[in-house]
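Here are my notes for a colleague who has not met this structure before. Please read them with the model open.

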Amino acid sequence: YLGGAFDVESLVENLLGQLAGNQAILVNVYDVTNSSDHLIMYGHQNQDGDLALLHESKLDFGDPFRKHTMICRYHQKAPTSWTALTTAFLFFVICLLVGYILYGAAIHIVKVEDDFHEMQELKVRAEAADVAKSQFLATVSHEIRTPMNGILGMLALLLDTDLSSTQRDYAQTAQVCGKALITLINEVLDRAKIEAGKLEMETVPFDLRSILDDVLSLFSEKSRNKGVELAVFVSDKVPEMVMGDPGRFRQIITNLVGNSVKFTERGHIFVKVHLAENLKPMAEAKAETFLNGGSDEGVLVSSAHQFKTLSGYEAADERNSWDSFKYLVADEESQYNALINMPLAGETSQNVTLMVSVEDTGIGIPLIAQDRVFMPFMQADSSTSRNYGGTGIGLSITKCLVELMGGHISFVSRPQVGSTFSFTAAFGRCKKASFSDTKKSNTEDLPSSFQGLKAIVVDGKPVRAAVTRYHLKRLGMLVEVGSSVKMAASACGKNGSSCGTKNQPDIILVEKDSWLSGEDGGLSLGMLDRKQNGHVFKLPKMILLATNITNAELEKAKAAGFSDTTIMKPVRASMVAACLQQVLGIGKKRQAGKDMLNGSLVLRSLLYGKKILVVDDNMVNRRVAAGALKKFGAAVECADSGKAALKLLQIPHYFDACFMDIQMPEMDGFEATRRIRKMESQANEQINGGSIDEESARKGKWHVPILAMTADVIHATYDECLKCGMDGYVSKPFEEENLYQAVAKFFKAKPMSEL
Amino acid sequence: MDFVNQLQRKFIDYSSSLHREGIVDDQFTQLRKLEDENSPHFVMEVASLFFEDCEKLINNMAIALEQKQGVDFKQIEECIHQLKGSSSSIGAMRVKNACIAFRSFSGAQNREGCLRCLQQLSHEYSLLKNKLQTLFRVSVASRCLYVCLVIFCRGNEHAEPFPDVLVFQLEKQIVAAGGSIPRVH
């Protein structure tokens, strides 16, 4: 408690003002000793100030009898703090925003997941739909095929009957449509199979050359009618048998050649097969020829328009023209000869890659359409289908097949000149063991009776001559090529005079075009030969090669000394063989061994009507043996064990013979035979010792011929068989000769009239 | 007649492929020749008998080889002998060869070798069964077709009298393809 001269109030006010900043603070000090009556000690009485914020604190002046408090308050109410509010508000807003973002993100994720699940489901459904579509397509196509084949069959039968010309026309149109439909269905099915990835390639050994021959023979008539020359050439280095899928390979070749035949009206279609490795030296050689400015052979090029291709017409791809082709052939020849003595290096590799090219001189493919060629259902022009037929699916299937064979297909085409399609394919090499097995049952065996025959081929066009030469070489003949009749004649004469008959060719094959064009040399070769020198030596036979031949031309040829048979193109080794057989009179060797018909007739005469018992524990063997014997007219009964046989052979019985299997469980053949013989000897004793009945006397001894059936004829113990009472043995399964020999011992042959 | 030719060719191709691959040999051809009007389904019947027999024997051998106490090689040899016999009767060359290989292992009492051979045998058998069943299907199809054609041709009263010569041609083609002609009444 300070009194004094100080103006404490203003001092305090100043101090408070300093302390409170801008706010005025009111202080009141009260004496609260008497709690009901507050005595104001300091401060204004009337000023209330902001009673909301009040601070009361005790004061201790050191006076034990009195209590004092001090109450502080703001003079003015505190204004509402805008910062705090704004901050709080903004913070709230920010929180809201962040919350919203997070919520949005979560919603988005949920949505994406939902979409994903939906997509998965849709994907599954789409795939199922796709599969279902393929299956449906396949099933429907298959179902369509069956009645379609029925329709075609009926039409074929109908066309074989007598029809008026309108009726025939209608029926033929229907047939053409039907066939087109079938082809389409097959192609669609193929595509479906390829898409489903179900197309499997088999790997079996097959002969390339015979497949090419087959395909060529399919198209030979059509191409001949069109006047288009068809030829195939397979290089020597291509192995005889390769491992691959023959059906698919045939399909590819058929498609390509079929296309060529469809779109070619003149010129040629040339199929060439050689090893893919040989391409490199060929490309270099080609460059060489161009540098040198033309070949230096004695090739007759009568006009500037003659190209050195198969038929003389220009081809799209120069690779098949003579300039490069001859290098290929010559290259292969020299390599081949050199390699005969050396072990073939290529043999060590497992695969052989072949390059096949199909060249034609047709209308070609327009440049704009060239990149769409392998797309399914694409044809060069909308009118192609109408004019030429087809659906445009063949090449796409071919491409897929080629790629499945591990190859690549490409083409070169010039409009109005022609197209050349080439593809590579990988095949496996045939191992020696399987080679010898399959060689036995080859469907087309070329006769070997022409080995070593000498022939001269006269053809103005070298590529074509090379093709003919290839086919003749397949028959084992030695071939020389001459480009004109005169050359061939001089070759003949020269050889004849100097070396006698040793180098004389046996046949001369002349291409019809060359013969007709070189008319002056058309005097028969025979006349020429006779004129050369006085020696009489064997004249070589002359045969004409032609794509098509008119009767007039044929007469002219016959008059000039050619033989009656002409070899029709496309040249096929088998056709050539048949022709040569006719001309040269070399017949096919007769098949060694018995002719089936004769053998079975003889056996039939022995076994007809005889009652035979077949004993074998194996049902399959019984059936087969019974079937075979029934074929020869025997009446067969079967028993499945030795015991059953014994029962059936109880005296008396009516069996004429018994075929008994040796190895049977319980009672084997030997034991059964022994018991049967014992039975018989007992019965015979009875007959002989007993009554002298006329009937039984006539019957004589009971002895049914028993033959053992054994799979192991070589090691069959004949002694063992005889010891137990058998009469012989036959092989199991039956071999006719063996059977005949065994059976002929007991049965007499019935005369043929009784059979 | 073109598609009949195709059918015939397919049949010949397929059956010659069987020969080429060594699945059947000459004996099978002989069996085919035994089919005629009196036994038109001979080959199929014999083949089904063979399949039954073969499956039974293979099963028995499998069971025998699994015996823990000791493998009864004698039983196995008997089974092999049976199988060899029936497969050579029907002309199943590869099955027969598999049996021959099997026999040497069972003779040597080599369990591992026997198991391998049994597997090989099963494989050859399945292959044969597959191929033969396909072959039969083709031949049955051609026969059904023939029957339908005959019924159609002979039953068609409105058409001109159908030359029987054509029907005989068709018969010849089917027989040449290795089938046989069912009797149609």
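1. Start with two helices of chain A, in what is a predicted model. Helix H4 covers residues 208-226 and helix H11 covers residues 462-474. They pack at an angle of about 125°, and their axes lie 13 Å apart. H4(A) and H11(A) are therefore oblique to each other. Their crossing is left-handed.

2. Which residues make this contact? From H4(A) come Arg209(A), Ser210(A) and Asp213(A). From H11(A) come Tyr470(A), His471(A) and Arg474(A). By class, the residues where H4(A) meets H11(A) are one nonpolar, two polar and three charged.

3. H4(A) also packs against helix H5 of chain A, residues 246-263. Here the angle is about 20° and the axes are 10 Å apart. An angle under 35 degrees counts as roughly parallel, so that term applies to H4(A) and H5(A). The crossing of H4(A) past H5(A) is right-handed.

4. Look next at the residues between H4(A) and H5(A). On the H4(A) side they include Leu208(A), Ile211(A), Leu212(A), Val215(A), Leu218(A) and Phe219(A). Asp214(A), Lys222(A) and Lys226(A) of H4(A) take part as well. On the H5(A) side, among them are Pro246(A), Phe249(A), Ile253(A), Val257(A) and Val261(A). Arg250(A) and Lys262(A) of H5(A) also belong to the contact. The contact of H4(A) with H5(A) divides into eleven nonpolar, two polar and five charged residues.

5. Now turn to a sheet. Four strands of chain A form an open sheet in the order S2-S1-S4-S3, and the pairing is antiparallel. Which strands stand at the edges? They are S2 (39-42) and S3 (54-59) of chain A. Each has a single partner strand, so one side of each is left without a neighbour in the sheet. From one strand to the next, the twist averages 30°.

6. Strand S1 of chain A spans residues 25-31. Three bridges join S1 to S2(A), and the two run antiparallel. Val29(A) has Tyr42(A) of S2(A) opposite.

7. Last, a single residue. Ser641(A) sits in the loop between strand S18 (635-639) and helix H19 (642-648) of chain A. Is Ser641(A) buried or exposed? Its relative accessibility is 17%. Buried means under 20%, so Ser641(A) counts as buried. Apart from neighbours within four places in sequence, Ser641(A) is in contact with Val615(A) and Met664(A).

Key
Residues numbered from 1 in each chain as written. Chains lettered and ligands numbered in written order. Predicted model: local features only at pLDDT ≥ 70, side-chain atom pairs only at ≥ 80, totals over all residues. Heavy atoms only, no water. Axes fitted to C-alpha atoms, helices over the stretch in contact; angles between N-to-C directions. Parallel < 35°, antiparallel > 145°, perpendicular 65-115°, else oblique. Left-handed = near helix turned anticlockwise from the far one by under 90°. Contact = heavy atoms within 4.5 Å. Nonpolar A, V, L, I, M, F, W, Y, C, P; charged D, E, K, R; others polar. Pairing = 2+ DSSP bridges. Buried < 20%, exposed > 50% of the residue type's maximum accessible area, 1.4 Å probe, protein only.
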